[in-house]
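Please open the structure in your viewer and keep the selection panel at hand, since each stop of this tour begins with something to select.

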Amino acid sequence: MHLQKTTIQGFGKLIDLSFEFHPRINLFFGPNEAGKSTLQQAILYLLFGFHQSSRATKQENLLRDRFKPWQGAAYGGQLWYELQDSRSFQVDRNFDGENMSTSLFDVLTGEEITTQFAAARHGKIDFQDQHLGMERDLFEATAFVRQAEVRSIAGDEHLMNGVVGILDSGPKDTSAADAVKRLQKRIQDIGSDRATKKELPKLRQQRRSLQEEYEHQLQVRAELKDKILEKRKLEELVGLENLKEIELKYMILTRSIDNTEKQLSELGKYRREVDRVDRAIREMGQAEAFQDELREPIMRRRQNRASYEEQLNEKNQAIEELDDQIAKIEEKIRPLERFEQIRESMPYPDYKALSRQWLEKNEEVKAAQSILDGEEVDLLRQGVDLNSLKELQNLQPAELSTMNELVQQQSQLEADIERLEYGFQKIEMQTWAKRWIRNAMLISTPAASLAVFLISYFVQFSPGFPIAAGLLGLGGIIYQFYRRARKKIAKQSAELESELNEIHQKSESASRELHGHFKKYNVSSLNELVTRQMQFKKYLDLVASRDRALTGRERLDFQLLKYLQLIGIREIKPEDLEQITRDYSRFYEIHMDLQIRLQTRHRLQKELNSLIGRIADNDSALAELLSQADLDGTHLPEAEEEFDKRYEEKKRLNSLKRENEKFQSAVDGILATKTEDEIREELSELLGRREKLASFPDIGDKSSRRTLPSLQEEFEVLNNGRQEHERELSALETEIETILEQHRPQAEVEEELAQVEAEASRLEEFRSSLELASDILQQVANQYHRSVVPELNESLSKGMKSVTSGKYEQVHINPTDFSINLLLPETGTLGSADILSLGTQDQLYLLLRVGLSRLVSENGEPIPLILDDPFVHFDQARLANMLSFLKKFSRENQVLLFTKEPFILAWCEQNLSDSDYNLFGLSEMIMPGQQ
């Protein structure tokens, strides 16, 4: 089975998400709290649901409430998956409400097929039993690893039964366990112990009574025979124990004799050593006069002198090196001695700052002059004469105001002229028609009247005469109206013309006056005059800026030349100033280096003088201490040599005293409880006792390397055991004498028993056949369990060898509880996985889950492996090996890996291609619409 995609409306913090899965590896990468574990749980519960039966448990309800959406979204989602036979299905779950509806669709046809499967309450539909072949608990125990729960599989005694159930290809109702149960039920129907009214149980009860009687007789005789045999064995055992006691006594006596002889030998040796050391101590009696308390202060003074002399040599060597360095520095500074005069007047930092200011001001002058020159070139290109431009200095504000008023006046007059001309046009437009139309109307009206009159006259049309008269009257009215209108228009036109002439005269007068002002400044308009004035102002500003920069540089010239004249500089040039600054900088650095070394030499000389004084004081104190030791302190080397000689003699004397005390203590320890004569008497007694025991056969050559306490302890245990066996032997002899009693004849019991067995033979044989079949089926089931384990062992061994780079190669699994033992390379023996590190245990149980997933997949539907950060305790080398292992595993089974580890992300980017995996990045807090 491959998961294809999922859509989540709401599940915990996950809102409105959609993912399309890769058929091999899917890496979900994100920090803590990004929703990785929640997404893993969402996939599980979309696949299996929260409830596994029609009755919801408290734990299942709490789990369902835990993952309710945080933001009030719909609680549920969809999951698409594809089976190995290419069938695809969509499961749609809604976890809201009591029933939590679940629907299943065939993706190819779009048909809902939910009703094809057994359904229960709370949205449980058993489609996964058919599609995946397992329940949720087995899926979680094999292919579904929650965070920090890699080892939760350990101790699961029910897991193997579940795995074997998956591997069993037959139907559930024909499994081995069910067959055994059916055979047992059939046996009980034929005749069980509880079915007392059936024939076989009655016969069995009768036979049981006869058998008990017969077996009791056999038991009595067997017990009698066993007790006789047991008595003989006890007699033999007691004899052997007696012989063993004699051997132990002999070896104990031998060990005691050896210890006693060793004591006497060591006593003589220690006494000889005490005599030897006493003679040596008497020979060195003069060393007792040495004063031990003077040793430490004298040695401290000698060590101080050695330390002072070492420091003295170091100081002299350092002064010599400094003298060489100072001479070389003075040689380097000699060509630059002229700068000493400047340094006495101005330190280098102040000079450097002043020089930098001069160079900056010089650059400022250059820049200002360059800008001014550029401005002059621009003015000349525009045709502006600088001399005429300068005349604008005489332009007074009153004159400029007058010109402005004239310009405004002229503008007003031009507006009035335009207004009057518009008035003429408007008056012309006040007539009712154009002139040619008016003339045509005046001519056509009499002509039309005459035409109507003539037509009426010739055709005898009497209404034509009034019409002709009307038309003629209408023409007269139009003519009078037009005449009056023309008179009014002519009067208005004359008035406007007079006013227009007056305004033209004023405009010409203002124009002449304004032209006189413009000519004075060589401009043609007020705007041009204002522009020239602004250009002149800008020009003046640039000149002023250049002059300020020159003034600043001249002020710095005065300050700088005051010091440069000391080295013969009368004029400042930028390139010369930069060179002088570099030379002065070099001089200043060398001079400061020289001063530092001179100060260091002065300090070292003071320290040297101090050391000489301390050496003298130390030698004086040393001489005083040597005098206290009765040595001549005026000649220190000879006195120190004599002091060392006396100290070595005293040290030898003290060593002899300690040695003498040790030997004397050994002698006292040997004689602490017994005198030498008593020890010799004890030795003689032990030899006599051993000689008596040596007369027993095979005893005289017995010996042992064990210690005396060990032999005595064994003798005590053996003696106690022998006494107990003697008591048992006495009890058996009494019991054998009274064991036989009166019983029914054995032949009579055997005959009656044969008759009952003959009657029950048929039913017994049938029952035996059923029991045999039950046993065989049980053995087959057990053998099936054992056949699964080797396959798991081989898979897990290969995986551990790959992940641990060959360190662990053999792994063995207990099929009952999945505990793991493995071959430890350090000891070469099998050991429990519990003694390994947490990381190695995680690797073992993760590989066990992978092996179980592969085993189940080989016999059924391949199941996806879903892992939530199972590599917490892995180091990087084994993590890389495990990822390579999962890459191979993903060729057959889909892998979903949830992690926050950057190493895993980097490994996947380097070792996997786009055809191998999909990467899903999860932010710290997943919001709606994010993927």
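The tour goes from a pair of strands to a buried side chain, then to the nonpolar cores and finally to one helix.

This is a predicted model, in which local features need pLDDT of at least 70 and side-chain atom pairs count only at pLDDT 80 or more, whereas totals for chains, interfaces and linings use all residues. Residues are numbered from 1 along each chain as its sequence is written, and side-chain values use heavy atoms, with hydrogens and water left out.

**Strand 4 and its partners**

Select residues 76–82, which form strand 4; strands (E, at least two residues) and helices (H or I, at least four) are DSSP runs numbered from the N terminus. Six of the seven residues of strand 4 are buried, so this strand is largely enclosed by the rest of the structure, where buried means under 20% relative accessible area, exposed over 50% and partly exposed in between, with a 1.4 Å probe and protein chains only. Add strand 1 (residues 2–11), which runs antiparallel to strand 4 and is joined to it by seven bridges; two strands count as paired if DSSP finds at least two bridges between them. Thr6 has Leu79 of strand 4 as its bridge partner. Then add strand 5 (residues 88–94), which also pairs with strand 4 in the antiparallel sense, over seven bridges, and look for Trp80 opposite Gln90 of strand 5. Five residues separate strand 4 and strand 5 in a hairpin, and Ser86 in the turn has a positive phi of about 75°.

**Gln41**

Move to helix 1 (residues 36–48) and select Gln41, which is buried with a relative accessible area of 8%. Leaving aside residues up to four places away in sequence, Gln41 touches Phe11, Phe67, Phe144 and Arg146, a contact being heavy atoms within 4.5 Å.

**The nonpolar cores**

A nonpolar core is a set of buried Ala, Val, Leu, Ile, Met, Phe, Trp, Tyr and Cys residues joined through side-chain atoms within 4.5 Å. The largest has 89 residues, and those with the most contacts inside it include Phe11, Tyr81 and Met882. Helix 22 (residues 838–859) gives the largest share of this core, nine residues. A second, separate core of 24 residues includes Ile333, Leu560, Tyr584 and Ile590.

**Helix 24**

Finally, select residues 902–911, helix 24, whose buried residues are Ile904, Leu905, Trp907 and Cys908. They cover an arc of only 165° around the axis, which puts them on the same side of helix 24; the arc is that of the directions from the helix axis to the C-beta atoms. On the face turned away from this buried side, look for the exposed residues Pro902 and Gln910.
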